[in-house]
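Got the viewer open? Here is a short tour, one selection at a time.

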Amino acid sequence: MGCIQSLKCKPKSFRDSVIVLELSTSIDSNPTSIDEASSVVLRYRTPHFRAHARLLVPPVAAKETWTIGWIQACNHMMFYNTYGNKGMSSWELPDLRDGKIQAISDSDGVNYPWYGNTTETCTVVGPTKKDSKFAVSMNDNFYPSVTWGVPVSDSNVPLLSSIQRDQSFTTWLVAINQATSETVVLRTIRWRMRLHIQVDPEKPLGQRAVLKEPVAQEQPQILGKNEPIPPNAMVKPNANDAQVLMWRPKKGDPMVVIPPKY
């Protein structure tokens, strides 16, 4: 319906006008690589999760600044390193584990709430007279070190027998008004990384670890309906600062090996 002549047409809000031209997401097809070069730790590197979007922002009439980019949160984490019949070490996010929160920020720890601040975000400063086109991209993978020996022992005798990891994430493409904090969720992606490495500590270094199923990861899902961002995904602490390394022995009480950083 056209504008009535005596009334001024209200321009579309930023929320209604920003257009996602293209969105792609994947997890690389290469399997997790295992590095046994060190006599102290086993290292592994998972394939990368990747997300890329191209956006069109029509002219912005108002004097306002918007940041568009990626926000990521961890929804679930299971990360066990088993040491034969001695017990296991476990990286844990206590509030997530205990069901106190739905998700925890996976920000870079500097540019909250954003995943990063290089390719991951772009800024639109209004008023603008022309269409603006932007691209934002991000990637994520795991590259940890796991001790061959029991982490609470002075001995470095190799006893590591398996590594199991299962983590789920939600990644949002978001626009945020820098002055008002108005938040517009443009797209929602869900992805998961699963890993199982079997280790024979009796074998010589370089021949101990074998990657088990799943060798290839499930591909990410772009949701048909956007999900809201839980409050904890927007603020400190992030997952890296909140995680705790526990030692859970077969006999005796669990103990904290590495406390949270915050």
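Which helix gives the most to the lining of the second largest pocket? Select residues 14-17: that is helix H1, and with three residues it is the top contributor there. Keep in mind as you click around that this is a predicted model.

**Stop one: the second largest pocket**

Stay where you are and bring up the rest of the wall. This pocket has a volume of about 220 Å³. It is lined by 15 residues, and those closest to its centre are Lys12, Ser13, Phe14, Val60 and Glu64. Colour the lining by class and you should get eight nonpolar, three polar and four charged residues.

**Stop two: the largest pocket**

Now move on to the largest pocket, with a volume of about 500 Å³. To centre the view, select Asp106, Phe142, Arg165, Asn240 and Gln243, which lie nearest the middle of this pocket. The full lining runs to 26 residues. Next, show strand E5 (65-83), strand E11 (162-177) and helix H3 (239-242) as cartoon: each supplies at least two residues of that lining. Colouring by class here gives 13 nonpolar, eight polar and five charged residues.

**Stop three: strand E15 and its partners**

Select residues 244-249, which make up strand E15. Turn on a surface and this strand is mostly covered, with five of its six residues buried.

Add residues 87-92, strand E6, to the selection. E6 and E15 run antiparallel and are joined by six bridges. For one pair to zoom in on, take Met88, whose bridge partner in E15 is Arg248.

Then add residues 255-258, strand E16. E16 is also antiparallel to E15, this time through three bridges. Here, look for Leu245, which stands opposite Ile258 in E16. E15 and E16 form a hairpin, with five residues between the two strands. Click on Gly252 in that turn: its phi is positive, at about 100°.

**Last stop: the cysteines**

How many disulfides does the structure hold? Zero, so there are no such bonds to draw, a disulfide being a covalent bond between the sulfur atoms of two cysteines. Two cysteines are still worth a click. Are Cys74 and Cys122 buried or exposed? Cys74 has 1% relative accessibility, so it counts as buried, the cut-off being under 20%. Cys122 comes in at 10%, and therefore counts as buried too.

Notes:
Residues are numbered from 1 along each chain as its sequence is written. This is a predicted model: local features need pLDDT of at least 70, side-chain atom pairs count only at pLDDT 80 or more; totals for chains, interfaces and linings use all residues. Side-chain values use heavy atoms; hydrogens and water are left out. On a 1 Å grid over the protein atoms alone, a cavity is a set of points where a 1.4 Å probe fits but cannot get out, and a pocket is an open set with protein on both sides within 12 Å along at least five of seven lines; lining residues have an atom within 4 Å of a point. Grid points are joined across faces, edges and corners, and a volume is the space filled by probe spheres set on the points. Helices (H or I, at least four residues) and strands (E, at least two) are DSSP runs, numbered from the N terminus. Ala, Val, Leu, Ile, Met, Phe, Trp, Tyr, Cys and Pro count as nonpolar, Asp, Glu, Lys and Arg as charged, and the others, Gly among them, as polar. A disulfide is a pair of cysteine sulfur atoms within 2.5 Å. Buried means under 20% relative accessible area, exposed over 50%, partly exposed in between (1.4 Å probe, protein chains only). Two strands pair if DSSP finds at least two bridges between them.
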